[in-house]
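Me: Could you take a close look at one strand in this chain and tell me how it sits among its neighbours? A little background on the whole chain first would help.

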Amino acid sequence: MIRTLGEWITQHVAAGLPPDLATIVAEIASASAELASQLRTAPLDGLTGATESVNVQGEVQKPLDILANDIFMAACHRCAGASYAVSEELDLETPIHADGRFAVIFDPLDGSSNLDVNVTVGSIFSVIPAAFGDALLSPGNTQVFAGFAAYGPATSLVLTFGTSVDLFVLGGDGVWQLARSGLTVPVDTTEIAINSSREMQWDKAISGYVAACFRPTKHSDKVYNSRWVGSMVADILRILIRGGVFLYPAGKKAAKTGGRLRLLYEANPMALLITTAGGAATTGKHPILDLTPTELHQRVAVILGSRNEVDNIRARYVLDS
């Protein structure tokens, strides 16, 4: 019986997982554990607040953004199978090993604006086959591995190779323990995660859907609850465990860029996790995993979670087209 991440990886290698990919998974997990340790004492170590640096996204970096990026970059350099590291915090891809076969794509610290108020944050990561730089702009359906770490009351690690979604928790001894195997997103839900303060920016399909959720008619007695954390990893972990739908639509101001969340670092890995667990993921008009990126920091609209709710939203976009 599998009890630890090490045993889980060994089982996958025995079933045909390439050893160089297995090493990447192990090093990502190690980097996540290292970052979790740093986050626990960050306020005492003077690592809160902001720096004077701005990343490629135009976002003011926090000391822990930079530290987290350094931790994950170091993990990539320890992996002989890593060809490139692609970070949300860096303008361009970083060559790692000339003979590597896999690119490691990551948002080292997602939701860092929540750090100063002790709300769950996380790291999101993805691996694609990419021996050459031209392969970095590949659709999400080419991912061979994806996952995220959630740094909250417990430190959780959610992983998939595209066949099953498994949840690990970091023990006091520093060992990742398997907590739940084969996570499945319920097809129906009564929980919706959306930032209601952006309501004036929603398009017709999203406005109509949210209105129907919170103002049921005589044709529906289904009552929804709002569960917006403002930290994508926290919202997606909740959806993987008990269902729900997460919406980050493009909005009118983001219409030219297609959305606000990054396709490579956020949308693709989360979409692979959700769809592997039986949910669905779309921009509203296109399946997220079918999109071919046009540049490393491309942004998209993200709608994912319980299948019936996502199908409902997609149907509204069809009617409005």
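Reply: Happy to. In this predicted model, the chain's secondary structure comes to 7 helices and 15 strands. Its radius of gyration is 19 Å, close to the 20 Å that the globule rule gives for 321 residues, so the chain is as compact as a globular protein of that length. Along the principal axes, the C-alpha atoms fill a box of roughly 60 × 50 × 40 Å. Of the 321 residues, 52% count as buried. Among contacts with a separation of 6 or more, 62% are between residues 24 or more positions apart.

With that background, let's turn to strand S6, which covers residues 155-160. Here 6 of the 6 residues are buried, so S6 is largely enclosed by the rest of the structure. Buried here means under 20% relative accessible area. You can follow this on both faces of the strand: Thr155, Leu157 and Leu159 point one way, while Ser156, Val158 and Thr160 point the other way, and all are buried.

Next, the strands that S6 pairs with. As a reminder, strands of a sheet pair through backbone hydrogen bonds, either parallel or antiparallel. Strand S5 (residues 145-151) pairs with S6 in the antiparallel sense, over 6 bridges. One place to find this pairing on your screen is Tyr151, whose bridge partner in S6 is Thr155. The connection from S5 to S6 is a hairpin through 3 residues.

Strand S7 (residues 165-170) also runs antiparallel to S6, and 5 bridges join the two. Look for Leu157 in this pairing: its bridge partner in S7 is Phe168. Leu157 is also one of the buried residues that point the same way as Thr155 and Leu159. S6 and S7 form a hairpin too, with 4 residues between them. In that turn, Gly162 has a positive phi of about 95 degrees.

Putting the local picture together, S6 has a hairpin connection to S5 and another to S7, and its residues are buried.

If you would like another sheet to look at alongside it, 5 strands form an open sheet in the order S10-S9-S11-S15-S13, with mixed pairing. Its edge strands are S10 (225-226) and S13 (280-282), each pairing on one side only. Within that sheet, S11 (residues 245-248) and S15 (residues 302-305) run antiparallel and are joined by 4 bridges. A good place to start there is Tyr248, which has Val302 as its bridge partner in S15.

Note on methods
Residues numbered from 1 in each chain as written. Predicted model: local features only at pLDDT ≥ 70, side-chain atom pairs only at ≥ 80, totals over all residues. Heavy atoms only, no water. Rg over C-alpha atoms; globule rule 2.2 N^0.38 Å. Buried < 20%, exposed > 50% of the residue type's maximum accessible area, 1.4 Å probe, protein only. Contact = heavy atoms within 4.5 Å. Pairing = 2+ DSSP bridges.
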